[in-house]
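Q: Could you walk me through this one? I'm new to reading structures, so please take it slowly.

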Amino acid sequence: MNEKYLLKLQEDLRLKNYTKNTCDDYYRFVVRFLDFVGKDAMSISYADIRKFIFYMQNEEHKKPATINVYTAAIRFFFVYTLGYAWDNRKIPKMKCDRKLPVVLTREEVNRLIDSMDNYKHKAITATMYSSGLRVSEVCHLRYDDISRTKKMIHVSLSKNRQDRYTILSDYNLDILTEYWYRFNRPKGWLFPSPLRDAPLTPATVEQFIREHARKLGLPEGVTPHTMRHSFACHMLEDGVSHTFIQQLLGHRSPASTDVYLQMTSKALMGIRSPFDTYREECDGGR
């Protein structure tokens, strides 16, 4: 019934030059919405969209952030494919809770990495932590992205679709070198899939890090992104500039880096309560 609109949606997404993942997600979400409504696209109303949102919220218990992505896909479909106006007052964006991410101590991070028997897993985890990489970024590293002389890692077209360089630690370079010799000296993808000519998938990395963290009894909720969070917090504790950390992480907005200020060790940053400083001044005057 809506095949011609879905074909146009695919064209519109390509014209917008969205990433392949975004194109695939938006198409899939719109298909699901159209299946739920069961109408010709041109006859869909705001009431239909609200009904779908309430269904996801109350029946499927989707999180607000997930529902917002569905809404963004439907909005794109309405505005670009169908040529409708969109009223944010009728379909408002949901407010999301912002929970602080899990951060490991330096000791916990090193215990996680050092205890990995699989050297490929060890190299991937060490690279994410020591350079602050996203899981998708470490999976798509190529051999030529590692600059041994400049001690830098080139991150090509990251989440924000921009190139950047981040630091390469001496210790991680040793781990990467050992991994490279052990795993047949890969010259294309640095961490290739054992099944096909493609990089290792983020889902694979997610699985082995979660499982290993669970075996070690580390705090619940450890994921590959925990390595990136821990990198940022430990850099702040070491006195590295907020601006430099933002550049290393590839954040467009300083606000994205600000969250780490909430999670760093205040003692290591030299931040003390005025209650303590006042008491010390009083005791020192005696």
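A: Let us begin with a pair of helices, keeping in mind that this is a predicted model: the axes of helix H1, residues 3–16, and helix H4, residues 64–81, come within 10 Å and cross at roughly 95 degrees.

Q: Why give both an angle and a distance?

A: Two packed helices are described by the angle between their axes together with the distance between those axes.

Q: Ok, so are H1 and H4 roughly parallel or roughly perpendicular?

A: They are roughly perpendicular, because angles of 65 to 115 degrees are counted that way.

Q: Which residues make that contact?

A: On the H1 side the contact is made by Tyr5, Lys8, Leu9, Asp12, Leu13 and Lys16, and on the H4 side by Phe76, Phe77, Tyr80 and Thr81. Sorted by class, the contact of H1 with H4 has 6 nonpolar, 1 polar and 3 charged residues.

Q: What about H2 and H3, at what angle do they pack?

A: Helix H2, residues 20–37, and helix H3, residues 46–58, pack at an angle of about 105 degrees, and their axes are 10 Å apart. That makes H2 roughly perpendicular to H3.

Q: And who touches whom there?

A: From H2 the contact draws on Arg32, Phe33, Phe36 and Val37, while H3 brings Asp48, Ile49, Lys51, Phe52, Tyr55 and Met56. By class, this contact of H2 with H3 has 7 nonpolar, no polar and 3 charged residues.

Q: Let's zoom out. How many helices and strands does the chain have?

A: The chain has 13 helices and 3 strands, and its C-alpha atoms fill a box of roughly 75 × 65 × 35 Å along the principal axes. Of the 286 residues in the chain, 42% are buried.

Q: What sits in the largest nonpolar core?

A: That core has 45 residues, and those touching the most other members are Ile124, Met128, Val138, Leu141, Phe191, Val205 and Tyr260. Several elements each supply at least two residues of this core, including helix H6 (119–131), strand E2 (152–155) and helix H9 (202–216). There is also another core lying apart from it, made of 29 residues, among them Tyr26, Ile44, Phe77 and Trp86.

Q: Is there a general idea behind that?

A: In soluble globular proteins, nonpolar side chains tend to be buried together.

Q: Back to Tyr260, what does it touch?

A: Leaving out residues up to four places away in sequence, Tyr260 touches His229, Ala232, Cys233, Leu236, Leu249 and His251.

Q: Cysteines, then: how many disulfides does the structure hold?

A: The structure holds 0 disulfides.

Q: Is Cys23 buried or exposed?

A: Cys23 counts as buried, because its relative accessibility is 13% and the cut-off for buried is under 20%. Cys96, with a relative accessible area of 39%, is partly exposed.

Q: New topic, backbone angles. What is the phi of Asn17?

A: Asn17 has a positive phi of about 65 degrees, although it is not a glycine.

Q: Why would anyone remark on that?

A: The reason is that most residues other than glycine have a negative phi.

Q: Where is Asn17, then?

A: Asn17 is placed in the loop between H1 and H2, and at 47% relative accessibility Asn17 counts as partly exposed.

Q: And what about Lys151, where does that one lie?

A: Lys151 lies in the loop between strand E1 (146–147) and E2. Lys151 has a positive phi of about 55 degrees without being a glycine, and at 33% relative accessibility Lys151 counts as partly exposed.

Definitions and conventions: Residues are numbered from 1 along each chain as its sequence is written. This is a predicted model: local features need pLDDT of at least 70, side-chain atom pairs count only at pLDDT 80 or more; totals for chains, interfaces and linings use all residues. Side-chain values use heavy atoms; hydrogens and water are left out. A nonpolar core is a set of buried Ala, Val, Leu, Ile, Met, Phe, Trp, Tyr and Cys residues joined through side-chain atoms within 4.5 Å. Buried means under 20% relative accessible area, exposed over 50%, partly exposed in between (1.4 Å probe, protein chains only). Helices (H or I, at least four residues) and strands (E, at least two) are DSSP runs, numbered from the N terminus. Contact means heavy atoms within 4.5 Å. A disulfide is a pair of cysteine sulfur atoms within 2.5 Å. Axes are lines fitted to C-alpha atoms, for helices over the stretch in contact, and angles run from 0 to 180 degrees between N-to-C directions. Angles under 35 degrees count as roughly parallel, over 145 as roughly antiparallel, 65 to 115 as roughly perpendicular and the rest as oblique. Ala, Val, Leu, Ile, Met, Phe, Trp, Tyr, Cys and Pro count as nonpolar, Asp, Glu, Lys and Arg as charged, and the others, Gly among them, as polar.
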